[in-house]
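Subject: Structure handover

Hi,

Here is the structure I promised to pass on. Have a look at it first, and my notes follow underneath.

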Amino acid sequence: MDKWQYYSLGGRLINQYDYLILFIVGLAICSSSIGQYPIYILDEARNSEAAREMLASGNFLSPFFNGELRTDKPPLHYFFMVLGYKWFGVNSFGARFFSGFFGALTLLATYWAIKRHLDSFVAWTTVMVLGSSLFFINEFHLAVPDPYLIFFVSVSFFSFYLLYKEGKWVWFFAMYGGIALGALTKGPIAIVLPGLVIPIFLLLKKDFNWKTLLQLRPILGLLVVLLIAAPWYYLVHLETDGEWTRGFFLDHNLSRFGSEKEGHGGLFWMTPLYVILGMLPFSLFGIQSFVYAWRKRKGNDMVLFALTVSVVTILFFSISKTKLPNYPMPCYPFVGILIAHYFKKVYREKTHKKGVSWSLLVLTILSILLPIAGYVALSIEKQFFAIRYLSLLLALPALASILGFHFYGRGKLKISFLSIAGGWLLTGMLLSGVIYPELTEKSPVSLALKHINEKDNIVVFKRFDSAFPINFKRTFTVFQSLEGIKKYAEDNPETFIITNTRSEEDLKLLEGFEMVLEQKALFEDHITRIYVIK
């Protein structure tokens, strides 16, 4: 068998088993090295600990963090984390596994929908655009609700499109089921986004009428959503005497949209900037892609729909007063469709375009600056100074972008695209497999585990790093006064005190105790100090 027969056989196998291959590769990308570094950032710590406390208490209705009611999010991601703990143990892999699993499902659902209503070229290109998007893939490495929301919102959008085109009941249930499960993952946003996108899409199609609305069966769909999502909201409201309901809807939804929350604000343009950064490297072709999609909107309904989802989502979170990089991520699969659709045009025409050349030039410059910025950032943080050489690994995107620029100049668009995608994808795997494990070795909780055993007597003075409960697999008693700690220590000799209070007065009170650890949090402004009472 000569090499061309090998290539032909390989192509047939990929076409025959493309869904299985995509899911396996997607799972490998979205969950690479998730067990090699501990949970340390605030959102991961609080979500994964709430799931651990659910498992430990057997209370799967009301979420708690360190014994206190947690009103931030509904429970669906906690349930999957609990399942992860049962399968893999209470550890970072168990907490993060289903995030990676739903990342692979998101890539698979996106590929399937595009292949069905566009073509295989755009489908594969979209998946590669998403798979090489550094921060988008990183989101599926985290024990947070966003990976689940991204999947369920994507399913609801794609199912709407299929219901609109085919009118089958299976897409009706998939659409409203996705909305309901999204509402159980992160709340009203799973309803708000489709509620904005669908009417605007129908208006752009000039098809907003009673006939179309009846085909969508919105009243029956609302009943499906309520039947799936409402029982838990009702039961948690009763069990917590309305405390969870007030905290979630008023503080974590209305307050976040209407005012800056926890300092996460910014100007209108911050959200588009988050999308560009979140979908690097290929987001730098976004302007051309959006313009081309608008020009072709009348001839391709899927492109028009992807454009509508992208623009409406970005605008919605641009208006929101609280802005975070993960907020607009539900639209990333649809932005990916627009970029892939534009790349198909470039590939088909086989002409050298100035717009592509300029985007590649900007990408190359940014890629070259990336390791420099990493080196500076690691040099500024004292605990990372000795390992600042890790920033050299970030030179891979620069090499990939230079090769991409070179091959595009020679008219080899496919090789150019694959060079860039491959380089950035490998960089993401280096982040999770090499850089994160090294950095997190310097985190307060990692160092604390070297000084304290999980079964030692440990209390908290005033406040503490949220990563401690999940990593020590326990809740901590929080004392607001030193007298309370001293009384506790009388019955519990050799008690460790953990605090990250910023108050100078509080720290002076602790000067009489032996300090066993002082460590600044990773890229944050608080310092964890651990004392011991012997």
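One definition before the helix packing: an axis here is a line fitted to C-alpha atoms, for helices over the stretch in contact, and angles run from 0 to 180 degrees between N-to-C directions. Helices (H or I, at least four residues) and strands (E, at least two) are DSSP runs, numbered from the N terminus.

Some housekeeping, too. This is a predicted model, in which local features need pLDDT of at least 70 and side-chain atom pairs count only at pLDDT 80 or more, while totals for chains, interfaces and linings use all residues. Residues are numbered from 1 along each chain as its sequence is written, and side-chain values use heavy atoms, with hydrogens and water left out.

**Confidence**

pLDDT is the predictor's confidence in each residue, from 0 to 100. For the protein chain the mean is 92, and 95% of the residues reach 70 or more. Among the elements, helix H4 (residues 76–88) has the highest mean pLDDT, 98, and helix H1 (residues 3–16) the lowest, 52. Over residues 1–10 the pLDDT stays under 50, and the model has 1 contact for them beyond four places in sequence (contact means heavy atoms within 4.5 Å).

**H14 against H16**

Now to that helix pair. Helix H14 (residues 270–278) packs with helix H16 (residues 301–319) at an angle of about 130 degrees, and their axes are 8 Å apart. The two are therefore oblique to each other; on this scale, angles under 35 degrees count as roughly parallel, over 145 as roughly antiparallel, 65 to 115 as roughly perpendicular and the rest as oblique. From H14, Thr-271, Pro-272 and Val-275 meet Ile-314, Phe-317 and Ser-318 of H16. Sorted by class, that contact has 4 nonpolar residues, 2 polar ones and no charged ones. The classes go like this: Ala, Val, Leu, Ile, Met, Phe, Trp, Tyr, Cys and Pro are nonpolar, Asp, Glu, Lys and Arg are charged, and the others, Gly among them, are polar.

**Cysteines and Thr-313**

How many disulfides does the structure hold? It holds 0, where a disulfide is a pair of cysteine sulfur atoms within 2.5 Å. Cys-30 is in no disulfide, and the nearest cysteine sulfur, that of Cys-331, is 17 Å away. From the other side, the sulfur of Cys-331 has its closest cysteine sulfur in Cys-30, at 17 Å, which is too far for a bond. Are they buried or exposed? Cys-30 is buried, at 0% relative accessibility, and Cys-331 is buried with a relative accessible area of 0%. Buried means under 20% relative accessible area, exposed over 50%, and partly exposed in between (1.4 Å probe, protein chains only).

Cys-331 also turns up as a contact of Thr-313, along with Leu-193 and Pro-328, leaving aside neighbours within four places in sequence. Thr-313 sits in helix H16 and is buried, with a relative accessible area of 0%.

**Backbone oddities**

Which peptide bond is cis, with omega near 15 degrees? That is the one from Leu-280 to Pro-281. Pro-281 is in the loop between H14 and helix H15 (286–295).

Lys-206 has a positive phi of about 55 degrees although it is not a glycine. You'll find Lys-206 in the loop between helix H10 (189–204) and helix H11 (210–216), and it is exposed, with a relative accessible area of 76%. Arg-217 is another residue other than glycine with a positive phi, near 50 degrees. Arg-217 lies in the loop between H11 and helix H12 (218–239) and counts as partly exposed, at 22% relative accessibility.

**A few more residues**

Leu-390 is in the loop between helix H18 (354–380) and H19, yet counts as buried at 5% relative accessibility. Not counting residues up to four places away in sequence, Leu-390 touches Leu-378, Val-434, Ile-435 and Glu-438.

Leu-403 is in helix H19 (residues 396–409) and is partly exposed, at 35% relative accessibility. Its C-alpha atom is 9.7 Å from that of Gly-423, and the two residues are 20 apart along the chain.

Ile-21, in helix H2 (residues 18–30), is partly exposed too, with a relative accessible area of 32%.

Cheers
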